[in-house]
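Reader: Could you take me through this model, with the terms explained as they come up?

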Amino acid sequence: MIPEQETEKDKNVLLVDSSRCIGCFSCEVACKMEHDLPAGPLPIKVIQVGPLGEGEELVMSFQAATCLHCDRPACVLACPTGAMQKRADGIVFSDPELCIGCQTCAIACPFGVPQLNPTTGKIAKCDGCMVRVEQGLWPACALKCPTGALIFGTPTRVVQDVRQQEALRVVRGLKLDT
Amino acid sequence: MIDYRSLNRFPGTRKDHDRVVRTICQECSVGCGLLAYVKEARIVDVQGDEDHPISRGRLCAKGMAFVQGLENPDRITRPATREGPHDQFKVLDDWEKALDLLAEDLRKINGKYGPRSLIIACDPEAGLDYYIGAMRFAKLWDTPFVFHLMRSPGDLSIPPGVKIRTRPCSDWVNSQCLFLVEADLATTHPVAFSWVLDAQSRGTKIIAADTRFTATMSKADMAVRIRPETGNVLGLALMKMMLEEDLHDSAFLEEAFADPGQWKASFETMSLNGFEKTTNLTLEKVKALSGLMGNKSPVTLITGKRLANRLNYSIWLTMAMAMGWINVSGGGWYPLDSGVPRITQNADIQDRDSLVVSFEEEGDPNGLLKELAVIAQDPESPVKAIICSGNCLNDFLTPIRNIVKGMDLVLYFGSFPNATWDFSHMVFPATLWAERNGLCFSNDRAIQWSEKIIDPVDGCRSGLDFWMGLARRFGDVKHLQWEPYFPWKKEDGLTDHVAFYNWLLDQSPDTAGCDVDRLRGSGDGSKLVFWPFHEGTADRAKIKPTHAPAAIEPLIQEQEEEKSYPLCFQATRIISRSGDSSRWWPWTQELELENAVQINPETAQVLGIENGDEVLVSGAEGKMEGRAWISRMVPRWMVWSPGHLGERRVLVHKRGQTSEEAIHILGEFFNDTRTGNREG
């Protein structure tokens, strides 16, 4: 049921950079438009945390939460019809042809990700925009994110990007402070 | 410059489509480029335009969800009429016949009560063409009462010939510091805010001053919380301190300011005694702020729309000039929602005296409306008809709603059955922006052509079509020359929008010489067209800067009012709503509660209010019901809501609690805070 992991170059990751997330809901709407979803289910959801703290010292952040596409996904193991599947490239998705809308996956998932689409009676869950990705396109949420808080690519490239940005931040800091 | 190339983005659609329309989103004033994918006259997908210099392929929630308005089953698509607000609407299939009926009704009202019996109200969503059409029809009809929310740059004391450029948001990465005052850019304009974050990651210091702890504040390097409506006062104090520290640009001052000595002296003598009480900020904090800003040149000042209606607004332009930030890359003044150039709407038609009431220019909308409420009931010449677009009667015309009930004709030009529709006798279905060609004036002062994506839903027409149809009928009966008022008619009797916008561009000295063809050419996104379109030869006219007042007066707060209404109230926009039609988009409608009432946890605790409780917010005149959202985003002494109430001070209590109880509890609570029984 859960395929052997292929080499990492075939897999992609979605990096959520909370330091750039402003809670604008763009990813949520992009996902709905891409998958033609009604009001209700939110395969990606932005959660506002805070403000915490006292007086002038407040902290507030936003966290875009979506399916983690687990290596050992509980939803896949729990699904009675085999609708919930994990692909070789790591994407966990639900096949609407097989889904009976029993929501066992929703109970099994430790992160509360799968939700029912009230229009179709089937599970609506992040499918990693697999059709888009197969066509070489970025997932809708990442592409439309106004601030670049969602970054998509192979782990090597994404990590490289993070490191490079961090290095530049250090260099710029040095330049400005001396 | 250290440069960095980020990961390649792979844009595009997977949806089957016949054609792609490259256009500009008109949901707000950022001016994002979008690509709309159309199949069989339906929009099947919307993607950002990767080549667009402002938006770089990104889109906000509103810039996608607008599609749901176009096909909404609740949309009004036929003109309709009824006797009174309690009757059923009778649908009229024919626009022309509906206009005949309307003209007949209006003619009767005009005959009986005269031309001043008609009020016209314009909401921004109906478009620039509805607004201009309304202004010209009002001239033809001879009514002075046109209410609108169109913004034009106020009198900033810049003599003609002196060109002040607003630099585009892409220039913020060249700033040393961005100072956002009462501007929650992350919420109102998320795509533009990405430039703030880009600047920050390049080392630009981000400072934000606002009352609520907003999303913008949460990203700032320095967050300063001030009392509502005191942003301009903070500007005055900052200017004074930067002058004291000698951080200003003396050379520019000598060269450009009319009387630099006198100007400087006004700041030297300005007393700051009332400052701390007015703004809730310590002078030490302002000093730290002025030191930081004064040493980080160039700074871009980004000011919110709310500041524009208040005293001393022009301090920001004066500051940007005095500090030498203006006309320098990475510096200057960026006022939000001020991207529409001054347009002389009626220069080409005969001159008549006309009193056009713009809230933006006149300052106090409530005062004006109260005045209008009196005028409307004048037995000599009562106001008996109103033509409104959007949801004016539930928005900026709320104070005259009671008068509207007694009118002979209430006409609603719009797309959805809202509260204004509830009042109406006649309805005319309006096109939405995606169905009509238009111009987009962005915050950046870019002028962009927004190509229509699809043809209008059958039965809907543009605002200019409406006014032109009405003008023709009125003109024919009165034997008036109406054509010069509407010189943009196509052979089918409808509006040639290209001709109209070419005319419009010619009406402003800032945009004259630019035309739609030129703007279409800029559609590849590589180069935007900005106004002023022609670089003027900067003559040596001296600038008259904003002088400091003698002292900073505390805001007028009557003791008695403070007792009965112990909390400040603020209403600002939420991220998922733009115009009235955004209420009909299921994707964004579910995201945020429109009647949320944000209360500080400590205040809520003493009042016994919990998250999600039904609460009542009441001011001296306005009242609203809402759901409590308990959050530290608001200070203890304030409540916030996206719903407009038209009040500055309010009382909040939950259901089942009397106002006396709530006043008593809050009185003790604030007393304790003041005397130190609780931590300040």
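**Fold of chain A and its contacts**

Author: Chain A runs through the sequence pattern β-α-β-β-α-β-β-α-β-β-α-α-β-α, where helices (H or I, at least four residues) and strands (E, at least two) are DSSP runs numbered from the N terminus. This is a predicted model, in which local features need pLDDT of at least 70 and side-chain atom pairs count only at pLDDT 80 or more, while totals for chains, interfaces and linings use all residues. Residues are numbered from 1 along each chain as its sequence is written, and chains are lettered from A and ligands numbered from 1 in the order in which they are written.

Reader: How many helices and strands does chain A have?

Author: The pattern of chain A begins with β-α-β and ends with α-β-α. Its count is six helices and eight strands.

Reader: Which element supplies the largest share of the side of chain A that touches chain B?

Author: Two residues are in contact if their C-beta atoms, placed from the backbone, lie within 7 Å, and 42 residues of chain A are in contact with 42 residues of chain B. Elements that each supply at least two residues of this side of chain A include α1 (26-35), β3 (57-65) and α6 (155-177). The largest share, ten residues, comes from α6(A).

Reader: What percentage of the residues of chain A count as buried?

Author: A residue is buried if 20 or more other C-beta atoms lie within 10 Å of its own, exposed if 12 or fewer, and partly exposed in between, with C-beta atoms placed from the backbone. Of the 178 residues of chain A, the buried portion is 39%.
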